[in-house]
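Let's take a walk through this structure together, stopping at a handful of places that repay a closer look.

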Amino acid sequence: MGEYTLRIARATPDTRDRAIDGLRAVAILGVVGGHWLVTGLTVRADGSLRIDSPLRYLGGFAPASWLFETLGLFFLVGGFAAARSLERHGPDTGAWVRRRLARLLTPVLAATAALALALPLAALAGAPGGTLRTWTVLFVQPLWFIAIYAVVGALTPFAMRLDDRLGALAALPFLAAVAAVDLLRYGPWAGVVPAGVGFLTVLPAWLFTYQLGVAWARGRMGRRAAAWLVAGGGALFTVLVGWLDYPASMVGVPGSSRSNSGPPSLLVPALAAVQAGAALLVRDRLDGLLRRRQRLWAAVATVNLYALAIFCWHLTAVVLVSLAAQALGGVDGLTTRPDAVSWIAARATWLPLLALVLVGLVALAGRLERLCTSHRLVAGAAAAGFTLYALVVW
């Protein structure tokens with residue numbers, strides 16, 4: 001057993017619920033792996049990189065997104081951890097919320113400040129404007145998740161009051177809200193209702209699973225509830241995809257007129273319910289596994305420690321590797337058109353390189369976070385500059 005593994009083992013109290021950390025790591029790696037497999041960057045005639053996806057050409061692979069779309073699991077674990085944390089903190093919920101928001105925003109501030117410096121340097125090095133826009137879009141995409149997670153986390157005191165009154169059933173109104181908005185979007189009024197109405201699902205879609213996490217933390221859900229979640233979520237998922245013609249892909253497909261993710265459709269909480277039920281069922285076994293396998297626990301603990309940095313930087317790793325591939329004249333699985341199964345196989349072989357680049361970026365991010373903490377005004381100005389640029393080119 002290595003020194004790092006021993007240090008992690010000694011630092012972990014016996015009372016820690018390792019299964020929750022394990023589920024969070026699964027959720028993080030699922031999202032990262034899914035994005036890496038479906039995010040292709042192809043070269044335009046002007047030499048710039050544009051976003052493409054194998055799902056545009058290979059629709060038969062859409063069911064694979066059901067395995068990699070694990071954000072619902074992340075919100076479930078987030079609700080569990082937040083409820084436990086707030087119960088330990090005491091009655092001053094305002095201080096708890098402020099501290100939580102600060103922990104979320106520091107990595108984002110560091111990342112946006114860094115990109116504010118990186119983009120001009122890339123432009124001076126000859127990167128086309130289209131490539132800079134693509135980089136910006138891919139960088140901002142994970143930030144929406146962190147922003148929504150911050151809002152949902154700030155609502156934890158409200159979620160706990162709901163749980164006091166309704167228990168696990170408190171999640172159902174959020175599910176109903178998403179269903180109602182979907183009825184407006186895709187029902188008889190589809191051609192009349194403004195498209196922006198769909199964004200009313202953003203909070204309830206994720207609050208549904210978060211509320212289940214709060215109920216789980218407070219001992220209101222056991223194996224019976226888990227069975228209901230798996231069966232009910234699976235049945236709803238089947239009806240939506242099989243009978244109501246919801247897109248099979250859980251992630252957006254370039255060129256598609258309809259998406260399950262932006263904004264979330266009813267398919268999102270349906271899949272999240274299945275994931276939540278499965279999480280409840282495997283919790284005890286997963287906790288036992290992570291107590292026996294110290295190396296595995298050390299890996300899980302490390303992923304949890306750098307979770308936000310991983311989210312902020314994982315698509316930048318795709319951009320940097322693709323830029324290097326473009327400089328070499330193009331590489332299959334990185335800058336070629338993702339229109340064949342061979343592209344997916346080639347991309348899979350590049351995943352270790354993407355992981356290595358991400359490790360380097362996360363290590364750099366740690367230093368940037370410390371620097372931004374001591375130079376908040378400079379970091380804030382740089383982040384504001386990047387935000388203005390992003391709004392202009394979006």
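The sections below go from the core to a helix, a hairpin, a few single residues and a loop.

## A predicted model and its core

Please keep in mind throughout that this is a predicted model. A good place to begin is the largest nonpolar core, which has 105 residues. Within this core, Trp-216 and Trp-313 touch the most other members. The element that gives the most to the core is helix 14, residues 307-327, with 13 residues.

Trp-216 is worth selecting in your viewer. Leaving out residues up to four places away in sequence, Trp-216 touches Ile-20, Leu-23, Leu-76, Phe-80, Met-221, Ala-279, Leu-280 and Arg-283.

## Helix 9 and its buried face

Helix 9 covers residues 172-186 and makes a neat check on geometry. At 1.5 Å a residue, its 15 residues should span 21 Å, and the end C-alpha atoms are indeed 21 Å apart, so expectation and model agree.

Which residues of helix 9 are buried? They are Phe-174, Val-178, Val-181, Asp-182 and Arg-185. Viewed down the axis of helix 9, the buried residues fall within an arc of 105 degrees, so they line one face of the helix. The general background is that an α-helix has 3.6 residues a turn, so residues three or four places apart point the same way. As for what covers the buried residues of helix 9, the cover includes helix 8 (156-166), helix 10 (202-217) and helix 12.

## The hairpin of strands 1 and 2

Now for a pair of strands. Strand 1 (residues 40-43) and strand 2 (residues 49-52) run antiparallel and are joined by four bridges. Together they form a hairpin with five residues between the strands. In the turn, Gly-47 has a positive phi of about 90 degrees.

The pairing can be followed residue by residue. Leu-41 stands opposite Ile-51 in strand 2, and Thr-42 has Arg-50 as its bridge partner in that strand. In a regular strand, side chains alternate between the two faces of the sheet.

## Ser-53, after the hairpin

Ser-53 sits in the loop between strand 2 and helix 3 (54-57). Is Ser-53 buried or exposed? Its relative accessibility is 3%, so Ser-53 counts as buried.

The side chain of Ser-53 reaches two backbone atoms: the oxygen of Val-38 at 3.1 Å and the nitrogen of Leu-55, also at 3.1 Å. Setting aside residues up to four places away in sequence, Ser-53 touches Val-38, Pro-254 and Pro-338.

## Ala-19 and Asn-304

Ala-19 lies in helix 2, residues 18-38. With 0% relative accessibility, Ala-19 counts as buried. Beyond residues up to four places away in sequence, Ala-19 touches Arg-283, Leu-286, Asp-287 and Leu-290. Arg-283 also appears among the residues touched by Trp-216. For a sense of distance, Ala-19 and Ala-125 are 106 residues apart in sequence and 46 Å apart in space, C-alpha to C-alpha.

Asn-304 belongs to helix 13, residues 294-305. This residue has a relative accessibility of 16%; the cut-off for buried is under 20%, so Asn-304 counts as buried. What does the side chain of Asn-304 contact? It makes a polar contact with the side chain of Arg-24, at 2.6 Å. Not counting neighbours within four places in sequence, Asn-304 is in contact with Asp-21, Arg-24 and Ala-25.

## Loops with something to show

The loop between helix 11 (223-242) and helix 12 (267-292) contains Pro-263. A cis peptide bond joins Gly-262 and Pro-263, with omega about 0 degrees.

Asp-245 lies in the loop between helix 11 and helix 12 too. Phi of Asp-245 is near 60 degrees, a positive value in a residue other than glycine. Asp-245 is exposed, with a relative accessible area of 62%.

One last stop is Leu-155, in the loop between helix 7 (129-154) and helix 8. Leu-155 is partly exposed, at 29% relative accessible area. Leu-155 and Leu-183 are 28 residues apart in sequence, and their C-alpha atoms are 26 Å apart in space.

Key: Residues numbered from 1 in each chain as written. Predicted model: local features only at pLDDT ≥ 70, side-chain atom pairs only at ≥ 80, totals over all residues. Heavy atoms only, no water. Core = buried A, V, L, I, M, F, W, Y, C linked by side-chain atoms within 4.5 Å. Buried < 20%, exposed > 50% of the residue type's maximum accessible area, 1.4 Å probe, protein only. Helix = DSSP H or I, 4+ residues; strand = E, 2+ residues; numbered from the N terminus. Contact = heavy atoms within 4.5 Å. Expected span 1.5 Å × (residues − 1). Arc of directions from axis to C-beta. Polar contact = N/O pair within 3.5 Å; in protein donor to acceptor, adjacent residues only side chain to side chain. Pairing = 2+ DSSP bridges.
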